[in-house]
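Here is a quick walk through a two-chain model, with the sequence and coordinates alongside. Keep the viewer open and follow along.

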Amino acid sequence: MASEGDRRAGLEVAGRRSRLLEGLRSGGEGRRSVAIALLSTIVFFTVVVVAVTHAPGWPEVKHTFFDGHEFRSTFPDIARAFLLNVKIFCIAEVFILAFALLIAVVRSLPGPVFFPLRAMAIVYTDVFRGVPTILVIALLGYGAPALGLSYIPTSVVFWGIVALVLIYSAYVSEVYRAGIESIHPSQEAAARSLGLSRGQTLRRVIVPQAVRRVIPPLLNDFIGLQKDSALVGTLGAIEAFQQSQIDANASFLFASYIGAALLFIALTIPLARFTDWLVERDRRRRQQGALV
Amino acid sequence: MSDALVVERLHKSFGKHTVLDGIDLTVPEEHVVALIGASGSGKSTLLRCINRLEPIDSGRIALAGEDITRPRNVNSVRRRIGIVFQSYNLFPHMTVLRNVTLAPRDVLGLGKAEAERRALALLGRFGLAERANDYPDRLSGGQQQRVAIVRALAMQPELMLFDEVTSALDPELVAEVLQVIRELAAGGMTMVLATHEMSFARDIADRVCFLDGGRILEEGTPEQIFTAPREPRTQQFLQRVIDAGRM
């Protein structure tokens, strides 16, 4: 007879396997749990499909959103426009990663001499985390070109990217800062005791460890940035969402939205799974480290 | 023989709590001084003040005759003093070799090849050559602590400070670390070590200082301190150590 303790331990092990499929693969009960999972999935989706297709407005929704011909004819243009999204978030991400790190380092500078810099960094993160993204994009996208200064660019894509960099750097700098603060002070003591300067210590010892720890939340913010690249469309840049809106306005059909949504999903879901995998790998590695 | 380290009237407090209350300590070249005393008596703080990891409130510190109390460049002072901590503090994201070569390359400006040649020689001397390309978390506590010692030695310091370097180790790993320190002493390294290993202190030290309440209450040869302590507090402390079966 299995003791109470044994069963508890078993439950705990099962509980730790939080991943989607893990529970299905293992043990002698595997086949039975696969069958249960399959059955409940079928029942669940049958209920959803029946509920949706029996809704009073379904025929109209089906016509406007799921028109196959409309989808096929608009998709190539949207895919082309989506390349602008890719360009926007790739360029923005490079600047965000660098700029946010600078902000985080400035905020972690000790001593009264650096108070003004620290204060500026704090005001910056507070302001740009507090204002809605779409507002910053509108303010910069409409405001900056309207200044009529000949030496600054007037492209809305440029200002959209600037707005995204400003907003996301505020978030990402907080992620970096959490990482920097999670490094034990004894690491700094060890580095300084070897004669490394404060800057060398940050560059060689603190930041490399901090960045490694925050890669998953950084990827999370990157996913957010990918989606928010669509907001640049509100300035009139023809990116995927804007293009799908143009198509929808021309045909009064919304299949183009589905196309745009699928394009975003095709990029963000693999990245989300990759992030999960990194977190899981990190967790396992740390557990191993604890055993050694 | 000249004095490697002179500490005079050193005071240090954390807020209202006085940790060091007028320390005077002189360490001649090639001497080994052991600091003993209860936890919280100020041993670690004294070591951290000597290499300026902790700012001091008042007093004077001189390294090889040179006043380092208010150095223009604190980094140039630290490179001359090696310190090894209780918790090893290796850099976990670097291999053993990189841990050892980091400061020689970044601080002393050695080339990669030269720094690695020296590092491998040192690692080899302490039986760690085979672990050069491992990451610290693959090493035992004793190995990690020996790497930490090698990392400090790679800067070719004039003075080594050891801050209870065996306190975090499993008992069976203590000996290998103490052996390294013995070899250094035999090689003529000037050292100050805070330790709970009384028999080791007795073995290795030229002089033993008993710290109590932030002062050096009694100092003398190991023979005198361990067999004929004068101060009642010292007698009390040693009695407790003996009762705990640690001597």
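Which residues line the largest cavity?

## A cavity in chain B

First, a caution: this is a predicted model. The cavity in question is lined by Phe162(B), Val165(B), Thr166(B), Leu178(B), Ile181(B), Leu193(B), Ala194(B), Thr195(B), Glu197(B) and Phe200(B). Its volume comes out at about 50 Å³. Two elements of chain B, α6 (171-186) and β8 (190-194), put at least two residues each into that lining. Sorted by class, the lining holds seven nonpolar residues, two polar and one charged.

## A second cavity, with both chains in its lining

Searching the whole structure turns up two cavities of 30 Å³ or more. The second largest has about 40 Å³ of space. Chain A contributes Ser193(A) and Leu194(A) to its wall, and chain B contributes Ile83(B), Val84(B), Phe85(B), Tyr88(B), Ala148(B), Arg151(B) and Ala152(B).

On the element level, β6 and α5 of chain B are the ones that give two or more residues to this lining. The largest share, three residues, is from α5(B). The class split here is seven nonpolar, one polar and one charged.

## Where the chains meet

Now for the interface itself. Chain B brings 27 residues to the contact and chain A brings 19. Together they bury about 1800 Å², and carbon and sulfur atoms account for 59% of that area. On the chain B side, Phe91(B), His93(B) and Asp106(B) are the three to click on: they supply 30% of the area that chain B buries against chain A, more than any other three residues.

How many salt bridges are there between chain B and chain A? The count is one. Arg204(A) and Asp106(B) form it through their side chains, at 2.6 Å from N to O. As general background, oppositely charged side chains can pair when their charged atoms come close. Asp106(B) therefore turns up twice, in this salt bridge, which needs a nitrogen-to-oxygen distance within 4 Å, and among the three residues singled out for buried area.

Beyond the salt bridge count, seven residue pairs are in polar contact across the interface, with both partners at pLDDT 80 or more. The side of chain B that touches chain A draws at least two residues from each of α2 (74-78), β6 (81-84), α3 (96-106) and α5 (141-153). Of the elements, α3(B) gives the most, with four residues. In class terms, that side of chain B divides into 15 nonpolar residues, four polar and eight charged.

## The second largest pocket

Open space is worth a look too. The second largest pocket has about 600 Å³ of space. It has 26 lining residues, and those closest to its centre are Pro110(A), Pro185(A), Glu188(A), Arg192(A) and Arg198(A).

Several helices of chain A give two or more residues to the lining, namely α5 (68-107), α8 (156-182), α9 (185-193) and α10 (198-228), and α2 of chain B does so as well. The largest share, five residues, comes from α9(A). By class, the pocket lining has 12 nonpolar residues, four polar and 10 charged.

## A residue on α5 of chain A

Val105(A) sits in helix α5 of chain A. Setting aside neighbours within four places in sequence, Val105(A) is in contact with Ile180(A), Leu202(A) and Val207(A). For a sense of scale, Val105(A) and Gly224(A) are 119 residues apart in sequence, and their C-alpha atoms are 23 Å apart in space.

## Salt bridges overall

Over all chains, the search finds 22 salt bridges. One to look up is the pair Arg215(B) and Asp21(B), whose side chains meet at 3.5 Å, N to O. That pair links distant parts of the chain: Arg215(B) is in strand β10 (residues 215-220) and Asp21(B) is in strand β2 (residues 17-28), 194 residues apart.

Technical notes:
Residues are numbered from 1 along each chain as its sequence is written. Chains are lettered from A and ligands numbered from 1 in the order in which they are written. This is a predicted model: local features need pLDDT of at least 70, side-chain atom pairs count only at pLDDT 80 or more; totals for chains, interfaces and linings use all residues. Side-chain values use heavy atoms; hydrogens and water are left out. Contact means heavy atoms within 4.5 Å. Buried area is the accessible area (1.4 Å probe) that two parts lose on being put together, summed over both. A polar contact is a pair of N or O atoms within 3.5 Å; within protein, one must be able to donate a hydrogen and the other to accept it, and residues adjacent in sequence count only if both atoms are side-chain atoms. Ala, Val, Leu, Ile, Met, Phe, Trp, Tyr, Cys and Pro count as nonpolar, Asp, Glu, Lys and Arg as charged, and the others, Gly among them, as polar. On a 1 Å grid over the protein atoms alone, a cavity is a set of points where a 1.4 Å probe fits but cannot get out, and a pocket is an open set with protein on both sides within 12 Å along at least five of seven lines; lining residues have an atom within 4 Å of a point. Grid points are joined across faces, edges and corners, and a volume is the space filled by probe spheres set on the points.
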